[in-house]
Amino acid sequence: MTALADHMNTYTEDWFELRDAWRAYAACRGMDTDLFYPEGRGSTLRAREQIAKNICSSCPVAQQCREASTALPERYGIWGGLTEAERGWSRR
């Protein structure tokens, strides 16, 4: 490992609990969280969900995000590119 990688690992372990260290590398880090909790109905909702999914599609830790959403369990929002319904939750 390089010195920079060692430093980054130490930093993320200090900032986040070890099991959540992946969050430091998330594509959505620092973005408005409202993007990932879209509201609306029909085509408006689908368009807003797609915005979040596009961000998730380039995320290097999307798999860890999906795993975290099921471990918590996190019922609402887009996690790792999946909606509530795609993760098995109903919106009702």
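Let's start with Thr83, which counts as buried at 6% relative accessibility. One thing up front: what you're looking at is a predicted model. Thr83 sits in the segment after H3. Leaving out residues up to four places away in sequence, Thr83 touches Glu49, Lys53, Gly77 and Ile78.

Keep Lys53 in mind, since Lys53 comes back in a salt bridge with Glu86. The closest N and O atoms of that pair are 2.7 Å apart. Glu86 is in the segment after helix H3, which covers 62-71, while Lys53 belongs to helix H2, so this pair ties together parts that are 33 residues apart in sequence. As for its surroundings, Glu86 is partly exposed, with 42% relative accessibility.

How many salt bridges does the structure hold? Two. Side chains of opposite charge can pair when their charged atoms come close. Besides Glu86 with Lys53, there's Arg23 with Asp20, where the closest N and O atoms are 3.9 Å apart. If you're wondering about the cut-off, a salt bridge here needs the nitrogen within 4 Å of the carboxyl oxygen, so the 3.9 Å of Arg23 and Asp20 still counts. Asp20 is buried, at 14% relative accessible area, whereas Arg23 is partly exposed, at 28%.

Okay, let me step back to the overall layout. The chain has three helices and zero strands, and from the N terminus on, the elements run α-α-α. Of the 92 residues, 32% count as buried. If you take the contacts with a separation of 6 or more, 38% of them are between residues 24 or more positions apart. On the outside, the chain exposes about 6,400 Å², and carbon and sulfur atoms supply 53% of that.

Now the inside. Which residues make up the largest nonpolar core? There are eight: Trp22, Ala26, Cys59, Val61, Ala62, Cys65, Ala68 and Trp79. Apart from that one lies another core, of five residues, including Ala52, Ile55, Cys56 and Ile78. Ile78, by the way, is one of the residues that Thr83 touches.

From the largest core, let me pick out Cys65. Cys65 is buried, at 12% relative accessibility. Setting aside neighbours within four places in sequence, Cys65 is in contact with Trp22, Trp79 and Gly80. Two of those names should sound familiar, as Trp22 and Trp79 are in the largest core along with Cys65.

From the other core, take Cys56. This cysteine is in helix H2, and it's buried, with a relative accessible area of 12%. Not counting residues up to four places away in sequence, Cys56 touches Phe36, Ala62, Ile78, Gly80 and Gly81. So where do we meet Gly80 again? Gly80 is on the contact list of Cys56, and Gly80 is on the list of Cys65 too. There's also a long-range pairing to point out: Cys56 and Ala26 are 30 residues apart in sequence, yet C-alpha to C-alpha they are 8.5 Å apart in space.

With cysteines on the table, somebody is going to ask about disulfides. A disulfide is a covalent bond between the sulfur atoms of two cysteines. How many are there in this model? The count comes to zero. Cys56 is in no disulfide, and its nearest cysteine sulfur, that of Cys65, is 6.1 Å away. Why is there no bond from the Cys65 side? Because the closest cysteine sulfur, in Cys56, is 6.1 Å from the sulfur of Cys65, and that's too far.

Last stop, the surface. Met31, Leu35 and Ile51 form a nonpolar patch there, with about 230 Å² of accessible area together. Ile51 comes from helix H2 and is partly exposed, at 45% relative accessible area.

And then there's Asp34, in the loop between H2 and helix H1, which covers 3-15. Buried or exposed? Asp34 is exposed, with a relative accessible area of 54%. Asp34 and Ala52 are 18 residues apart in sequence, and their C-alpha atoms are 9.6 Å apart in space. Ala52, you'll remember, is among the residues of the five-residue core.

Conventions
Residues numbered from 1 in each chain as written. Predicted model: local features only at pLDDT ≥ 70, side-chain atom pairs only at ≥ 80, totals over all residues. Heavy atoms only, no water. Patch = residues over 30% accessible without salt bridge, like charges linked within 9 Å, V, L, I, M, F, W, Y side chains within 5 Å. Areas by Shrake-Rupley, 256 points an atom, 1.4 Å probe, with all protein chains shown as cover. Salt bridge = Lys/Arg side-chain N within 4 Å of Asp/Glu carboxyl O. Helix = DSSP H or I, 4+ residues; strand = E, 2+ residues; numbered from the N terminus. Buried < 20%, exposed > 50% of the residue type's maximum accessible area, 1.4 Å probe, protein only. Core = buried A, V, L, I, M, F, W, Y, C linked by side-chain atoms within 4.5 Å. Contact = heavy atoms within 4.5 Å. Disulfide = S-S within 2.5 Å.
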